[in-house]
Structures are given as C-alpha cells and as structure tokens.
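This report describes the fold, core and surface of one protein chain. The sequence and the structure are shown first, and the description follows.

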Amino acid sequence: MAKGDWQYIESESLKQTIAFDRNSGWLFCKDGTKYSPEELAKITQNWTGGMEMPLSVHFVKKMFGGEIISVGKETS
C-alpha cells in the first residue's frame, strides 16, 4: 500500500482542518467526515465556490453519513 501524500488545508467554509491524500484522492475532515474520490467528483461538478466545500453538502454528509450519489446545481 502506498504511503499517503497529505495536503492539509484550513477550510474557511467548514471552519476546520481538512486533509487531502493526493495518492488516494480521499478527503478527511477533522470532525470525522470523509469523502471518497467519487464523491468529490460529484460535488465539484456542480459547485462554483472555488475550492471550498459547500457547507450545506457537508452538513448533510455529516448528519446522515453514507455516500453522496448526486448533487444538484445551486440556483442562487
């Protein structure tokens, strides 16, 4: 198994540190929420807020866990 190549980011929108493994593509949040490369691809397809994770998406993921299977385009 390849060793992780970590990038640590202070997320303004999530108000916490997030860690991105450049080798695997997984994103881990300090609050325990994690995102697979597939989930990140679905989230970033529709968001226009630069590199910040939409807080609304994070709240839903944190509350229900599971896997993000789709994200609708923001209308505002």
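## Surface, sheet and core

Trp6, Tyr8, Trp26 and Phe28 make a nonpolar surface patch of about 420 Å². The model under discussion is a predicted one. Within the patch, Tyr8 belongs to strand E1. Tyr8 is classed as exposed because its relative accessibility is 58%, and the cut-off for that class is over 50%.

The strands form an open sheet of four, in the order E1-E2-E3-E4, with antiparallel pairing. E1 and strand E4 (34-35) stand at the edges with a single partner strand each, so one side of each has no neighbour in the sheet. Two of the strand pairings are set out below.

| Strand pair | Sense | Bridges | One bridge pair |
|---|---|---|---|
| E1 (residues 6-11) and E2 (residues 16-21) | antiparallel | six | Glu10 and Thr17 |
| E3 and E4 | antiparallel | two | Phe28 and Lys34 |

E1 and E2 also form a hairpin, with four residues between them. In this turn, Lys15 has a positive phi of about 55°. Phe28, which contributes to the surface patch, has Lys34 as its bridge partner in E4.

What makes up the largest nonpolar core? This core has ten residues in all: Leu14, Ile18, Leu27, Cys29, Tyr35, Leu40, Ile43, Met53, Val57 and Ile68. Strand E3 (27-29) and helix H1 (37-46) each supply at least two residues of the core.

One member of the core is Ile18. When residues up to four places away in sequence are not counted, Ile18 touches Gln7, Tyr8, Ile9, Ser11, Leu27, Phe28 and Cys29. Among these contacts of Ile18 are Tyr8 and Phe28, which also take part in the nonpolar surface patch. Leu27 and Cys29 are likewise touched by Ile18, and both are listed in the core.

Is His58 buried or exposed? His58, located in helix H2 (residues 55-64), is buried because its relative accessible area is 2%, and buried means under 20%. Leaving aside neighbours within four places in sequence, His58 is in contact with Leu14, Gln16, Cys29, Asp31, Thr33, Tyr35 and Met53. Of these contacts, Leu14, Cys29, Tyr35 and Met53 are members of the largest nonpolar core. The contacts of His58 also include Gln16, Asp31 and Thr33.

Technical notes
Residues numbered from 1 in each chain as written. Predicted model: local features only at pLDDT ≥ 70, side-chain atom pairs only at ≥ 80, totals over all residues. Heavy atoms only, no water. Core = buried A, V, L, I, M, F, W, Y, C linked by side-chain atoms within 4.5 Å. Buried < 20%, exposed > 50% of the residue type's maximum accessible area, 1.4 Å probe, protein only. Contact = heavy atoms within 4.5 Å. Pairing = 2+ DSSP bridges. Patch = residues over 30% accessible without salt bridge, like charges linked within 9 Å, V, L, I, M, F, W, Y side chains within 5 Å. Areas by Shrake-Rupley, 256 points an atom, 1.4 Å probe, with all protein chains shown as cover. Salt bridge = Lys/Arg side-chain N within 4 Å of Asp/Glu carboxyl O.
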